[in-house]
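Visitor: I'd like to zoom in on one small part of this model and stay there for a while. Could you walk me through it?

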Amino acid sequence: MFKNRLFFIFLLLLPIVGRAELTVEVVGGAAQQIPIAIVPFAAPNGNPAIQQDNITNVIGADLRMSGLFRVLETRGVATQPHMISEVKYNDWTAIQAQALTIGTVEALPGNRIKVSFRLLDVLKQNQLLAMEFNITQAQQRATAHRIADMIYEKLTGEKGVFATRITYVNKENGRYSLQVADADGFNAQTVVSSKEPLISPSWSPDGTKLAYVSFEKKKPIIFVQSLVSGQRIVLANFKGNNSAPAWSPDGTKLAIVLTYSANSQIYVINADGTGLQQVSFSNGIDTEPEWSPDGSSIYFTSNRGGGPQIYRMPASGGDAKRITFEGSYNVSPHVSTDGKLLTFIKQTPAGFKVAVQDLATGQVQTLSDTSQDESPSFAPNGRMILYATSVGGKGSLAAVSVDGRVKQRLKDSGGDVREPSWGSVMN
Amino acid sequence: MKKSLLMSVLLAATLAACSNNAVKDKPAAPVVDSNASTQAQSNAASSANDGASTAGANQDGASGNPLKDPNNILSKRSIYFDFDKDQVKAEYLPLVEAHAKYLVANPNAKVVLQGNADNRGSREYNLSLGQRRSVAVKKAVNLLGAQDKQIETVSYGEEKAGDCKDEACYQKDRRVDIVYDND
């Protein structure tokens, strides 16, 4: 009965480099920031293909952006080592560095580049990391993000997220465009654009596809688009609204929301558009499904008890358990990859704010200092929460650490930005 | 005379076909199926139109189009809601009733009920809320005798909402708009 024929459309628009780029501004920081010195990497003179400053600057910007590091000024330091034999530790203890990063960039035959870096413990005077990358010219920025991730992981014990990507919708000059960018906002590319709204982008677990809702046919329908080929399929175009796609952790299915004639209810559908099955049955609104990381349950928003609250049910359907109890309006659930924390939007007397709930204890903390927040999603390492808000009457992106101490604003040069989602896969 | 009647039948059929394309409500997407159903519905629409040609004549009479007459309640097209609510408030019942009566008297008339929400909270929840609002109005209109085939519901959620910061502005966005086929 629910046989959904798929049709394939080749998008002429892909890839277009977006005009607008995001820049990140950090407010606040962790209580104890790790002081790190990064010596600009040595590089051959006069080779325009090599962006050694760029590499060093990107590593520094990434670490600074995390709020966990204090990146020290290195210009006044007497020695500027690039090899381990050149390091004089006293120079670095003098500026109170705890960690030191040095490195070199060299041109290789065939337009390739070798980037070498070392991370040193200034206090113990030993080497923590050493790594070489043989890359193309175009991979310099991505390599800098990888190096920042390695430094971050070595010194904090958590995985870094600098080499991941985010997606969001930019509205500019009456046009909506779904964009994918590096986690620091660079390399923004347009995935699809439309005169009608685009909402609810959702990453496939392997990071190669986006599911999203487009109003281009004057009603919400769900597409799944490959980021590799640009090809897309209609995942769901049933009677009524088709919205809120969420990939299962194994990437084989999506939870979606259909209305048919009246109430939004949750369905599960195979990633190729076959095998539609209804999993929620209520007289109210059930929407915003979100899989638990183990795939066994689905968190969702429902107003079955009056106002909207977050519930959890088995992924195959069945009894739903209410999860949020504080306040009369809690929406947009997203679960951390370890399954321990739930972030959502909570209506408070001071506005709509990003909140986080410990799923074991039920304890809730409101995190954001903004008041028109939407669409929170965890960074893959669970430390930051990316969300949409409004600043000066314009939609913009922001991020807040799960302890509320580090706050980032992602500033867009032009458009009205909304509907962010943080991808879980490394570049 | 006969010729103009034929013209109006064709026009109605065309409108029906257009509206069917605009608001696609088939479970499956394929264009082929959609064409087939358009064909079937056009036939149904033209035969229905034959029977109701008097109503059509009234509509085009010297009195003008009541839907456009600013002194007629039918020119009012928006029903407003409270925050996070989908109940049609008592003050809007006369408006709903007037449109229901018009639809009963004009069986070929068709409306789209467009549900909207203010821009606070979740876009997805607001999409669902807008849908419930449009369905609440549809139910009321149905109860008063308008037929299912005359009414489409659609939700824009908060996607058409203004850039609001206060209640006076928010309340204008929490509404269902009644849009006639030939508006």
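Visitor: How many bridges join β9(A) to β10(A), and do the two strands run parallel or antiparallel?

Guide: Eight bridges join β9(A) to β10(A), and the two run antiparallel. Before we go on, bear in mind that this is a predicted model, in which local features need pLDDT of at least 70 and side-chain atom pairs count only at pLDDT 80 or more, while totals for chains, interfaces and linings use all residues. Residues are numbered from 1 along each chain as its sequence is written, with chains lettered from A and ligands numbered from 1 in the order in which they are written.

Strands here are DSSP runs (E, at least two residues), numbered from the N terminus, and two of them pair if DSSP finds at least two bridges between them. Within the β9(A)/β10(A) ladder, A:Ile166 has A:Ala181 as its bridge partner. The two strands make a hairpin with two residues between them. One to look at in that turn is A:Asn173, in the loop between β9 (165-172) and β10 (175-182) of chain A. Its phi is near 50 degrees, a positive value in a residue other than glycine. A:Asn173 counts as exposed because it has 6 C-beta neighbours inside 10 Å; the cut-offs are 12 or fewer other C-beta atoms within 10 Å for exposed, 20 or more for buried, and partly exposed in between, with C-beta atoms placed from the backbone.

β9(A) itself is another story: six of its eight residues are buried, so the strand is largely enclosed by the rest of the structure. It has a further partner, too, pairing with β32 (residues 416-422) of chain A in the antiparallel sense over five bridges. There, A:Lys171 stands opposite A:Asp416.

If you like positive phi values, hop over to A:Ser332, whose phi is near 60 degrees, again in a residue other than glycine. A:Ser332 is found in strand β24 (residues 330-335) of chain A, and it is buried, with 28 other C-beta atoms within 10 Å.

Now zoom out. An automatic or database domain assignment sets the bounds, giving chain A domain 1 (8-19 + 166-422) and domain 2 (31-156). Their centres, taken over C-alpha atoms, are 36 Å apart. Seven residues from domain 1 and seven from domain 2 make the contact, meaning C-beta atoms, placed from the backbone, within 7 Å.

Notes
Helices (H or I, at least four residues) and strands (E, at least two) are DSSP runs, numbered from the N terminus. Two residues are in contact if their C-beta atoms, placed from the backbone, lie within 7 Å.
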